[in-house]
Amino acid sequence: MVLILGGFGAGKRAYVQSLGYSDADMSADVRSDAPVLVGLEEIVRNDPESAKTLLPRLLEKKFVLCCEVGSGVIPMDAADRAYREATGRLCCALAKEATAVVRVVAGIPVAIKGELPCM
Amino acid sequence: MMILLIGGSGCGKSTYAESLCEKNPLPRWYLAAMQPYGPEADARIKRHRALRQDKGFTTIERYTDYASLVLPARGTALLECIANLTANEMFAADGAVSDPVDRVLNGVDALNRQCEFLVVVTNDVGSDGISYGASTAAYIEALGRINAALAARADTVLELVAGIPILLKGELPE
């Protein structure tokens, strides 16, 4: 599994497409058999408490795409805080197991663990 | 030796900071700037305490004025975190607001003089693109200036992303 991080609109999907994957290979549903899971942060937002239980299923994916959501002012709303923190901690756990971690900045993939996957 | 760690919420800053300190000599001081202001903070403090267990830290809770703190002995220290300290220095309990920059920087300088190895943890709060009210905007700007000034002082600056240290200045500590 390769973890792909980056801000909203940073170019995470376009990067995966450049590796030969189409929209049909991507799903926002963790239960789907698609090799690419997109929008992990939204899945965590819906249920931050059970984020950790997703780990085994996520490790079966080829790519997991997640927005970085932990920067910025600490939100006033407790649910917003819980979601940010749960997303961050799940990404720490995923990064530990991932063969590579890629951070996309302004469309540029930067390998922060392992090697950049190529086509 | 001073190391600055920067990162967002839940990025693994504390765990990494503690692992750096563990490799450095006793005594180890954990300097806690977070004020216990409710059940959520209590839970966070409890979690941090559990993480630090058996790592040889002595905890000193101090919310402001690190410039006048005298460490009982020279050694290793972990200051966590500058975002809390800046808020504490800026927003007084009576509602008064003042410029925190000098007080925070003087505090870190004083600590650095008393330590062989100092790890300072801070947060990036300026990247969410949201417009805030005047006092929050002033806080974001003050913390940004403090982070830049601390990075200039630090031997090594690392950004933590999903638990992975990314070198921004200096050398990765062994």
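This is a guided tour of a predicted model with two chains, A and B, and each stop says what to select and what is there.

**The cores**

Begin in chain B by selecting Leu5(B), Leu31(B), Leu79(B), Ile82(B), Val119(B), Val120(B) and Leu150(B), which are the residues with the most contacts inside the largest nonpolar core, a set of 51 residues. Now add helix α5 of chain B, residues 134-153, since this helix gives the most to that core, with seven residues. In soluble globular proteins, nonpolar side chains tend to be buried together.

Keep Leu5(B) selected and look at its surroundings: once its neighbours within four places in sequence are left aside, Leu5(B) is in contact with ten residues that you can pick out by name, namely Lys13(B), Tyr16(B), Ala17(B), Leu20(B), Val119(B), Val120(B), Val121(B), Thr122(B), Leu158(B) and Leu160(B). Apart from the largest core lies another one, of 27 residues, and you can find it by selecting some of its members, including Met1(A), Leu40(A), Cys66(A) and Leu94(A).

**Where the chains meet**

Next, colour the two chains separately and turn to the place where they touch, where 19 residues of chain A are in contact with 22 residues of chain B. Together the chains bury about 1600 Å² between them, and 55% of this area is on carbon and sulfur atoms. Across this interface there are eight residue pairs in polar contact, and on the side of chain A that touches chain B, α4 (78-97), β5 (100-105) and β6 (108-113) each supply at least two residues. Select α4(A) in particular, as this helix gives the most to that side of chain A, with nine residues. Sorted by class, the side of chain A that touches chain B has eight nonpolar, four polar and seven charged residues.

**Salt bridges between the chains**

Side chains of opposite charge can pair when their charged atoms come close. Over all chains the count comes to 15 salt bridges, and three of them are found across the interface of chain A and chain B.

- Select Arg81(A) and Glu40(B), which form a salt bridge whose closest N and O atoms are 2.7 Å apart.
- Select Glu85(A) and Arg44(B), whose side chains meet in a salt bridge at 2.6 Å, N to O; this pair crosses from helix α4 of chain A to helix α2 (residues 39-52) of chain B. Glu85(A) counts as buried because its relative accessibility is 15%, under the 20% cut-off, whereas Arg44(B), at 26%, is partly exposed.
- Select Arg103(A) and Glu159(B), which meet in a salt bridge at 3.0 Å, N to O. Arg103(A) lies in strand β5 of chain A and Glu159(B) in strand β6 (residues 156-161) of chain B, so this pair joins two chains. Both Arg103(A) and Glu159(B) are buried.

**Within a single chain**

Move on to Asp65(B), which is in the loop between β3 and β4 of chain B and forms a salt bridge with Arg62(B), the closest N and O atoms being 3.6 Å apart. Asp65(B) is partly exposed at 37% relative accessibility, and Arg62(B) is partly exposed as well, at 21%. In chain A, select Asp33(A), Arg57(A) and Glu60(A), which are joined into one network by salt bridges that share partners.

Then select Ile60(B) in strand β3 (residues 57-61) of chain B. Is Ile60(B) buried or exposed? With a relative accessible area of 19%, Ile60(B) is buried, and beyond its neighbours within four places in sequence its contacts include Trp29(B), Leu31(B), Leu69(B) and Pro72(B).

**Backbone details**

Most residues other than glycine have a negative phi, and most peptide bonds are trans. Against that background, return to Asp65(B), which has a positive phi of about 55 degrees although it is not a glycine, and then go to Ala106(A), another residue that is not a glycine, with a positive phi of about 50 degrees. Ala106(A) lies in the loop between β5 and β6 of chain A and is exposed, with a relative accessible area of 71%.

For the peptide bonds, select Leu26(B) and Pro27(B), which are joined by a cis peptide bond with omega of about -5 degrees, Pro27(B) being in the loop between α1 (13-22) and β2 (28-32) of chain B. Finish at Glu80(B) and Cys81(B), where a cis peptide bond has omega of about -15 degrees and where Cys81(B) is in the loop between β4 (75-80) and α3 (82-90) of chain B.

Methods. Residues are numbered from 1 along each chain as its sequence is written. Chains are lettered from A and ligands numbered from 1 in the order in which they are written. This is a predicted model: local features need pLDDT of at least 70, side-chain atom pairs count only at pLDDT 80 or more; totals for chains, interfaces and linings use all residues. Side-chain values use heavy atoms; hydrogens and water are left out. A nonpolar core is a set of buried Ala, Val, Leu, Ile, Met, Phe, Trp, Tyr and Cys residues joined through side-chain atoms within 4.5 Å. Buried means under 20% relative accessible area, exposed over 50%, partly exposed in between (1.4 Å probe, protein chains only). Helices (H or I, at least four residues) and strands (E, at least two) are DSSP runs, numbered from the N terminus. Contact means heavy atoms within 4.5 Å. Buried area is the accessible area (1.4 Å probe) that two parts lose on being put together, summed over both. A salt bridge is a side-chain nitrogen of Lys or Arg within 4 Å of a carboxyl oxygen of Asp or Glu. A polar contact is a pair of N or O atoms within 3.5 Å; within protein, one must be able to donate a hydrogen and the other to accept it, and residues adjacent in sequence count only if both atoms are side-chain atoms. Ala, Val, Leu, Ile, Met, Phe, Trp, Tyr, Cys and Pro count as nonpolar, Asp, Glu, Lys and Arg as charged, and the others, Gly among them, as polar.
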